[in-house]
Amino acid sequence: MATQTSHFEENLLCPVCRDIFRDPVLLLCSHSFCGACLDQYWELSGSQICPVCRTDFCMDRPPCNRALKNLCEIFLQERRKTVSTEPELFCSMHGEKLQLFCVEDQHLLCSVCVTDDMHVKHTFRPVDEAAVALKEVFKTSLKPLQEKHKLLKLEKFICNQRVKRIKNQAEQTEAHIKKEFEQLRQFLRDEEAARVTALKEEEEQKRKLLEEQMIRINSELSSLVERIRITEEEIETDNISFLLKYKGPPESTQCTTPSPEKLPEELINMAKHLGNLKFSVWQKMKSAAQYIPVVLDPNTAHPCLHLSDSLSDVRFGQWSPQALGYSDKSEGYTSVLGSEGFSSGTHYWDVEVGDNSTWALGVISESAIRTRDNLPSSGLWRLGFHNGKYGQSLSGEFLTPLTVNQKVQRVRVLLDWDGGRVSFFNPLTSTHLHTFTHAFSEKVFPYFCNVCSSQALRILPVEMAPAGPDVQRFSALTSKIEK
């Protein structure tokens, strides 16, 4: 009988925790497990497979194994009855039942132990009452552990999501890098082919000129050979015959062909093809490549903003589920920052706004970046367009109306960090729009906000030397306007 009971109990053990089933669930492979044990196993393994046979489980949640659950409950009830019929614990000193609990010493006592000098003035509670009170203490101490457990599980989930996001970012970045370098290689291949073609054309041209000269020379050579032959034959005849045929001095046999050293030197211009070859190719590559003064940082982009591969265009669109750090779709402004901040010098960048109906451009301080999605009270200098009106603001407050006489298609943001100015211009008409003055004391980053799905904001390329005459001209214009 004991063997049968042991075997029956063994059949009621979960293969994962090796304990009596608690809320048993049934997989498609017919194996059963505790619901909590199975969730923990799946969380650790990272996949929904059977712990025994490794079969994939394709459903959302496994169904409850009610038959096994009922058997486990019956077994536990029988076990409790067996335990209740066992003799109670007795005091090892007095042989009496342990019915009391000493609060100070935290020990079980019998009725005789209470009269002992060791427990004078101690507080005693019945076993059941003391157990209930102490269990409540345990439950209270269990709550922060459970809360921490939830936080750690959430943190683990975020870490797993970030690992996937980092992998996706790395794959996308690698693909873009390969694409850019393939374009550079294609440029070099095309340039090489063009220069080799130019060399071949020059070679063909020079070769044809020389071939034409060779044909002319060969023709004159044949004529001279024939005249020499005739003259030599006349010289070889006897004197009588020579004199009978003599009709005067022979025609001039002087060669009219220029001497070989006087021929034009139709050679390959090697200096033109090889001189400063790498430098000239680099110059051409530099003119073909575009320099973007401000590169957008994808890690600061709102989930509704989508950046181009070159990180120069920002477009408003649908919420991106890959975005991290945003838990609410209604949270924050749809803004993105430049990847590089400025803490000195003069910088500018032109932005094509076109027919965009809602946009804002400017700079934001490093300390205000943390609150840029919750209207920072300071540290944001911007100019924007909304509801057909232009405006400006010194912080995250609503835009203050700004009078602009002509619709702006392009905006130039000019940052003079040392001079403490942020100015906005229409570079197409050299029109000054607005200027903020502030004594900057920390790094500031370019700021872009777009809420129009039909028109992207595009940072325009400039020459390799961004701080050129244009910057000086617009800086002088700003100073003149301020005066």
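**Exercise 1. Find what Tyr 390 stands opposite in S13, and its bridge partner on the other side.**

Solution.
- Tyr 390 stands opposite Leu 402 in S13.
- Tyr 390, in S12, is also the bridge partner of Phe 385.
- Strands here are DSSP runs of E with at least two residues, helices are runs of H or I with at least four residues, and both are numbered from the N terminus.
- The model is predicted: local features need pLDDT of at least 70, side-chain atom pairs count only at pLDDT 80 or more, and totals for chains, interfaces and linings use all residues. Residues are numbered from 1 along each chain as its sequence is written, and side-chain values use heavy atoms, with hydrogens and water left out.

**Exercise 2. Work out how S12 pairs with S11 and with S13.**

Solution.
- Two strands pair if DSSP finds at least two bridges between them.
- S11 covers residues 380-386 and pairs with S12 in the antiparallel sense, over 5 bridges.
- The hairpin of S11 and S12 has 2 residues between the strands. Asn 387 takes a positive phi there, near 55 degrees.
- S12 (residues 389-393) pairs with S13, again antiparallel, over 3 bridges.
- One bridge partner in S13 is Pro 401, which goes with Gly 391.

**Exercise 3. Decide whether S12 is enclosed or open to the outside.**

Solution.
- Buried means under 20% relative accessible area, exposed means over 50%, and partly exposed lies in between (1.4 Å probe, protein chains only).
- In S12, 4 of the 5 residues are buried, so the strand is largely enclosed by the rest of the structure.

**Exercise 4. Place S12 in its sheet and name the edge strands.**

Solution.
- The sheet is open and has 6 strands, in the order S8-S17-S10-S11-S12-S13. Its pairing is antiparallel.
- The edges are S8 (335-337) and S13 (400-402), each pairing on one side only.
- On average, neighbouring strands are turned by 25 degrees against each other, direction ignored. Axes are lines fitted to C-alpha atoms, for helices over the stretch in contact; angles run from 0 to 180 degrees between N-to-C directions.

**Exercise 5. Locate Leu 199 and give its accessibility class.**

Solution.
- Leu 199 lies in helix H4 (residues 127-236).
- Its relative accessibility is 32%, so Leu 199 counts as partly exposed.

**Exercise 6. Set these parts against the whole protein.**

Solution.
- The protein has 8 helices and 18 strands.
- Of its 483 residues, 28% count as buried.
- Take contacts (heavy atoms within 4.5 Å). Among those with a separation of 6 or more, 58% join residues 24 or more positions apart.
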